[in-house]
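Hello,

Here is the structure I promised to pass on to you. Have a look at it first, and then read my notes below with the picture open.

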Amino acid sequence: MALIQITEPGQALDPHQRKRAAGIDLGTTNSLIASVRSGQVQVLKDLSGVSMLPSVVHYSGSDVTVGTEALPFSASEPFNTIASAKRLLGRGRADLDGIAAEQRYDFAPDDGGMVRLKTAAGVMSPVQVSAEILKVLSDRGAATLGGPLDGVVITVPAYFDDAQRQATRDAAAIAGLNVLRLLNEPTAAAVAYGLDSGDEGLVVIFDLGGGTFDVSLLRLSRGVFEVLATGGNSGLGGDDFDELVAKLVLEKAHSKGDLDASSRRQLMTEARRVKELLSSQSEVDVTLALSSLQWQGSIQLAEFEAKIAGLVEETIKAARRVLRDAEVTPTEINQVVLVGGSTRVPLVRSAVEAFFGRAPLTEIDPDRVVALGAALQADVLVGNKPDDEMLLLDVLPLSLGLETMGGLVEKVISRNTPIPVQRAQEFTTYKDGQTAMLIHVLQGEREQVADCRSLAQFELRGIPPMVAGAAKIQVVFQVDADGLLSVSASELATGVSAAITVKPSYGLSDTEVTDMLKASFAYAKEDAAARMLLEARVDGQRLIDALSAAMQQDGPALLSPDETQTLQLGIQALEAALAGDQVQLISAETQNLSQASDDFAAKRMDQEVRKALTGQSLDGVLGQNQVTADEAH
Amino acid sequence: MNFSQNFFEIFQIDVAFDLDGPDLSARYQALQRRVHPDRYAGQGDQAERLATQWATQVNEAYATLSEPLARASYLLDLQGVVLAQNPTLDPAFLFEQIELRESLDEIRQSGSLTRAEAFIQALAEKQNAEAQAFNDYFKASALSEATICVYRMQFLSKLSQGAKALEEELLGY
């Protein structure tokens, strides 16, 4: 496959009208931002020319530092220096067994199901920590691209559950980013590899990062990236290899492992160094002179491999399961792509190669490929490439269900169902005169409630009293294109419907997000009012741009002169508001124009759908069938 | 396309049980290219909401038509057949189901992955045969016979799900 080089089509937008879009890989260990500039997708660098931002945040009483500058504090102030926050997103203490979390973080009591960390700047949510990283990247994007970002695509592990996705969204909101889409990391990698090569067929993306593991199977065809199945483990990655190296060192040093936090951090740093060197050499010398551990010796590649063999086997097992879900055998796979820094470990490479019976592709730097793919998708979503045929069709990674009698989970949507999706399930009352029902939403593959992740619980009240079994309670699950779930329930039998919609939100309520948003603006010493004005202007301008383009294209066919005039007046009113600085007026005019254009949007949609399977587009997409039909005549 | 169109109309294909899988996939992708919310990102809430509704509908149609039991049930539904919750079936068929269920329990106790896989394979053949029978009856407009095929497919599908869950368990997933 060729490296990425995208040439802008002839009808490319005027450079001044191009939107500033970026892809962000918010990683466990490192984070990156990339963008398409002058037709080339590239990772954006900071002022000193470095592209990788270590995902480390240091809090002092008065200041926050992120990235390389925060790293030195790891050893001196381990609990004020938060690393691997991604593994904590949407997670409670109970979820974190096995990553030696206690030694790395100073936990405050969980709040709303998510861990909280004690730091010198107060108790922090992993969402806030992630937001600090996103802010630095956002600023870098704005500085490089010449203004605030219009929209970003943020990548998440495909195997992230709803809680983790929602937490990522919340972090972006706190960082003041306009998120166009949450994109699954393996899908992003497939885009980076596949877009330019025109490859067709089945592709496996094997993505082992610092703290998460994903394996996805995609079908590529004419610019469509269709995810057929995905699997993995959102709590398995290179960090675990580091832990095992550290354990090995402790064993060899005959230490019980009772280290102080600072020594522990230094040991982990050394463990990572050893692991990385073992990717290119068979033995690494180690000299540790820590306050609670002194040891000199060496670590052999074979010892390291013996330690990690179990984890590597786990990843292959996940790959086998993904193929099984899609009913595909390893020999049918056309390409295998390695993503994530941890795929540099030789044992991982050889295990993947042995399982699929082919050498995996590694042409694009596995640390950057996800950010590059996200940038390509962001460029399309923001509207810079209106004629682009690229389309990503993704799936739900983990089944969604409801608790039923006896602590069992009834699945409502199974894993690997294409999104967006909506499914309804009917339940009934089990007691005479029952007027309320508890709805418990869960995610996972196991049968028992206790083994699945609890996403939300709410009560449907106001059910008319009836005999047991007479009420019809319909629970509707909707999953949008970001993979985010909303649930509603209503009573159908009597026509008296009581309904409630929940947006599961973990640890953070909407008010909390708003508060953090405000607090974070205060932190950055930015004027919140100025920020709101800026956002309102961006929203308003975006609507004008989109609507004007749509009217130019479809107005004559779909709008009456009156309708055209109404919309034009609306645009003028909004433009007038945009020239001023009243946030409320801009928002109100944006709202008005948006409502006025609803019908037009619906008509355009219908027209698109009609076009899809008729005329030119059918020839294009079903080309081969069409040819066969012609030949038959 | 509108929401009152049936799933076959959405894909502009003939209302039939027999269908060309790769052709359906190609049509699915062609529709998603037009309606997927990614195509309407940043064009306002209304456009994105509509796109999400359409994309959801296209996914639902594709899921229904791709899977034989769902497709067969849907065809009957279009013909106005209401499927019974607890249908009465031929005793011989039911007896066979009981036997199959007992075999599955035995396999569970034996913990043999090979036997579980062979069982799933055997079930798949039965499911194919039943689907073929449905196709013949449905083409001949013999709806009551076709309906019985669907009931049988339901039994087999439930059993197959149980067997696959066992297989996953034995694989250690």
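How many residues does each chain, B and A, bring to the contact? Chain A gives 40 residues and chain B gives 30. Please keep in mind as you read that this is a predicted model.

Let's stay with the chain B side for a moment. Two elements of chain B each give two or more residues to the side that touches chain A: α2 (21-35) and α3 (45-66). If you sort the residues on that side of chain B by type, you get 13 nonpolar, 11 polar and 6 charged.

Chain B also has a division into domains. Domain 1 covers 7-66 and domain 2 covers 91-171. Between the C-alpha centres of these two domains of chain B there is a distance of 30 Å.

Now turn to chain A, where you can find an open sheet. It is built from 3 strands in the order β8-β9-β10, with antiparallel pairing. Why do β8 (107-111) and β10 (122-124) of chain A each have one side without a neighbour in the sheet? Both stand at the edges and have a single partner strand, so one side of each is left free of a neighbour there. From one strand to the next, the twist averages 30°.

You can also follow one pairing in detail. Strand β8(A) pairs with β9 (residues 114-119) of chain A over 3 bridges, in the antiparallel sense. To see a bridge for yourself, find Asp111(A): its bridge partner in β9(A) is Met114(A).

Enjoy exploring, and write back with any questions!

Best wishes

How values were computed
Residues numbered from 1 in each chain as written. Chains lettered and ligands numbered in written order. Predicted model: local features only at pLDDT ≥ 70, side-chain atom pairs only at ≥ 80, totals over all residues. Domains from an automatic or database assignment. Contact = placed C-beta atoms within 7 Å. Helix = DSSP H or I, 4+ residues; strand = E, 2+ residues; numbered from the N terminus. Nonpolar A, V, L, I, M, F, W, Y, C, P; charged D, E, K, R; others polar. Pairing = 2+ DSSP bridges. Axes fitted to C-alpha atoms, helices over the stretch in contact; angles between N-to-C directions.
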